[in-house]
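Reader: I would like to learn how to read features such as salt bridges, helix faces and nonpolar cores from a set of coordinates. Could we take them one at a time, with the general idea before the case at hand?

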Amino acid sequence: DILNFYYIKMSRKILVINGPNLNLLGTREKDKYGNISLDEIKKKCEIHCKKIGLEVEFKQSNVEGEIVNFIQETRSNNQGIIINAGGYTHTSVAILDALLAVKKPTIELHITNIYKREDFRHKSLISKAADGIICGLGVEGYIMALNGIKKIIDNEN
């Protein structure tokens with residue numbers, strides 16, 4: 001009905017999914033990932049979302065099946081997905097299938113430039129489900145992804 005349409009249109013909630021080992025940001029391989037923690041990234045994203053009229057929900061898991069569940073839950077709760085699938089980017093058909101099944105605007109995100117790293121990281125299985133990909137721009141990529149997903153859901157692209 002019209003009230004549900006209005007609520008969904010106005011809620012504009014984005015799910016940001018972080019995969020394995022991203023809970024260690026700020027302490028892990030600082031030369032690649034920097035000093036900022038995932039909690040600090042979340043706070044920056046929340047502040048930015050208030051400025052651009054989005055609501056953000058952050059989730060992290062080291063477990064592939066939990067990430068699939070997060071994606072499936074977006075069917076009724078979120079208008080878009082930003083996913084940094086970590087190592088699952090290169091291995092998870094299950095995450096790809098979940099992204100394809102929910103049919104939500106999706107941006108794939110990587111803190112590092114995956115094409116300057118080991119050869120196995122050059123292939124992303126989840127890219128097939130992504131409307132856009134951001135990599136190699138550090139944690140600033142999260143803000144860029146939020147701006148990008150907003151343009152997608154506002155039909156500005």
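Author: Let us begin with a pair of charged side chains, bearing in mind that this is a predicted model. Arg 12 and Asp 154 form a salt bridge in which the closest N and O atoms are 2.4 Å apart. Since Arg 12 belongs to the loop between helix H1 (2-11) and S1, while Asp 154 belongs to the segment after H6, the pair ties together parts that are 142 residues apart in sequence.

Reader: Is each partner of that pair buried, partly exposed or exposed, going by Arg 12 and Asp 154?

Author: Arg 12 counts as buried because its relative accessibility is 15%, under the 20% cut-off. Asp 154, at 23% relative accessibility, counts as partly exposed. The two also belong to a network of salt bridges that links Arg 12, Lys 150 and Asp 154.

Reader: How many salt bridges are there by this rule, and which parts does the pair of Lys 59 and Glu 73 tie together?

Author: The rule asks for a side-chain nitrogen of Lys or Arg within 4 Å of a carboxyl oxygen of Asp or Glu, and the count comes to six salt bridges. One of these salt bridges joins the side chains of Lys 59 and Glu 73, at 3.1 Å from N to O. Lys 59 lies in strand S2 and Glu 73 in helix H4, so this pair ties together parts that are 14 residues apart in sequence. Glu 73 is partly exposed, with a relative accessible area of 38%.
Another salt bridge is formed by the side chains of Glu 55 and Lys 13, with 4.0 Å from N to O. Here Glu 55 sits in strand S2 and Lys 13 in strand S1, so the parts tied together are 42 residues apart in sequence. Both partners are partly exposed, Glu 55 with a relative accessible area of 40% and Lys 13 with one of 22%.

Reader: Turning to helices, which residues of H3 are buried, and why do they line one face of the helix?

Author: The general idea is that an α-helix has 3.6 residues a turn, so residues three or four places apart point the same way. In H3, the buried residues are Leu 38, Ile 41, Cys 45, His 48, Cys 49 and Ile 52. Seen down the helix axis, these buried residues fall within an arc of 105°, and therefore they line one face of H3. The face turned away from this buried side carries the exposed residues Ile 47, Lys 50 and Lys 51. Among the elements that cover the buried residues of H3 are strand S1 (13-18), strand S2 (55-60) and helix H6 (140-153).

Reader: What span does H3 have from its first C-alpha to its last, and what comes just after the helix?

Author: H3, which runs over residues 38-52 and has 15 residues, reaches 21 Å, close to the 21 Å expected at 1.5 Å a residue. Just after H3, Gly 53 takes a positive phi of about 80°.

Reader: Where do the buried residues of H5 lie around its axis, and what do they pack against?

Author: In helix H5 (residues 93-102), the buried residues are Ile 95, Leu 96, Ala 98, Leu 99 and Val 102. They cover an arc of only 165° around the axis, which puts them on the same side of H5. These buried residues pack against helix H4 (64-77), S3 and strand S4 (106-110). At the start of H5, a side-chain oxygen of Ser 92 reaches to within 3.5 Å of the backbone nitrogen of Ala 94, and after the helix comes Lys 103, whose phi is positive, near 55°.

Reader: How should I read the largest nonpolar core, and which residues have the most contacts inside it?

Author: In soluble globular proteins, nonpolar side chains tend to be buried together. The largest nonpolar core here has 26 residues, and those with the most contacts inside it are Ile 41, Phe 58, Ile 82, Tyr 142 and Leu 146. S1, H3, S2, S4 and H6 each supply at least two residues of this core, and H6 gives the most, with seven residues. Apart from this core lies another, of 17 residues, among them Phe 70, Ala 85, Ile 95 and Leu 99.

How values were computed
Residues are numbered from 1 along each chain as its sequence is written. This is a predicted model: local features need pLDDT of at least 70, side-chain atom pairs count only at pLDDT 80 or more; totals for chains, interfaces and linings use all residues. Side-chain values use heavy atoms; hydrogens and water are left out. Helices (H or I, at least four residues) and strands (E, at least two) are DSSP runs, numbered from the N terminus. The expected span of a helix is 1.5 Å times one less than its number of residues. Buried means under 20% relative accessible area, exposed over 50%, partly exposed in between (1.4 Å probe, protein chains only). The arc is that of the directions from the helix axis to the C-beta atoms. Contact means heavy atoms within 4.5 Å. A polar contact is a pair of N or O atoms within 3.5 Å; within protein, one must be able to donate a hydrogen and the other to accept it, and residues adjacent in sequence count only if both atoms are side-chain atoms. A nonpolar core is a set of buried Ala, Val, Leu, Ile, Met, Phe, Trp, Tyr and Cys residues joined through side-chain atoms within 4.5 Å.
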